[in-house]
Amino acid sequence: MPNIQPNRFVLQSSDGKTKVDYETSNFIGQATLNLTQGPSPIGPIRHFAGSQIRTRNTEIGTLVSVTTQVTVDTGSTSFSVLIPAISLTSSSDQKTFATEAIITSHSGPNSVPSTGVHETYQFIQMSGEATFVLSLLQPVTDAVAKAQGA
């Protein structure tokens, strides 16, 4: 039985205000994350790619984070989502799952007060689907890799 790792995760909060579409690798080989935060039906969509997306593998899953707001002196805001380990039985398989997203407000060097708690968290319950998406260039890159190995 195949053990295929999903590469696309589409999530939504229960109130529909927060949506995440995360792909671990697009057709040019970099991660992409589309984040919608706002009122339904469609709030503004923010696009992140490559080095704008930070991932950290932990014992509770993969934490995927992006910076959503930065100020020079008063801090920043980041959005993170926890992706659990998931295995698919075939490339057409899909698995539904529940997880948490976290909006973190980070205080900056000129925040008032300068002492105390420097991060605050807002947790958002998310549910969604994990799938495997075959890139149009995947057969080409596989053939090139195979030819280089020969």
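Of the 150 residues in the protein chain, 34% are buried, where buried means under 20% relative accessible area. Keep in mind that this is a predicted model. Turning to the outside, the protein chain exposes about 9500 Å², and carbon and sulfur atoms supply 56% of that area.

Now let's walk along the chain. The protein chain has nine strands and one helix. Starting at the N terminus, the elements run β-β-β-β-β-β-β-β-β-α, with the helix following the strands.

How are the nine strands ordered in the open sheet? Reading across, the order is β4-β3-β2-β1-β9-β8-β7-β6-β5, and the pairing is antiparallel. At the edges sit β4, covering residues 45-49, and β5, covering residues 54-58; each of these edge strands pairs on one side only. From one strand to the next, the twist averages 20°. As a reminder, strands of a sheet pair through backbone hydrogen bonds, either parallel or antiparallel.

A good place to look more closely is the pairing of β1 with β9. Strand β1 spans residues 8-13 and strand β9 spans residues 119-131, and the two pair in the antiparallel sense over six bridges. To find your way into this pairing, pick out serine 13: its bridge partner in β9 is methionine 126.

Finally, step back to the contacts of the whole chain, counted here as heavy atoms within 4.5 Å. Among contacts between residues at least 6 apart in sequence, 45% join residues at least 24 apart.

Key
Residues are numbered from 1 along each chain as its sequence is written. This is a predicted model: local features need pLDDT of at least 70, side-chain atom pairs count only at pLDDT 80 or more; totals for chains, interfaces and linings use all residues. Side-chain values use heavy atoms; hydrogens and water are left out. Two strands pair if DSSP finds at least two bridges between them. Helices (H or I, at least four residues) and strands (E, at least two) are DSSP runs, numbered from the N terminus. Axes are lines fitted to C-alpha atoms, for helices over the stretch in contact, and angles run from 0 to 180 degrees between N-to-C directions. Buried means under 20% relative accessible area, exposed over 50%, partly exposed in between (1.4 Å probe, protein chains only). Accessible areas come from the Shrake-Rupley method with a 1.4 Å probe; for residues, only the protein chains shown count as cover.
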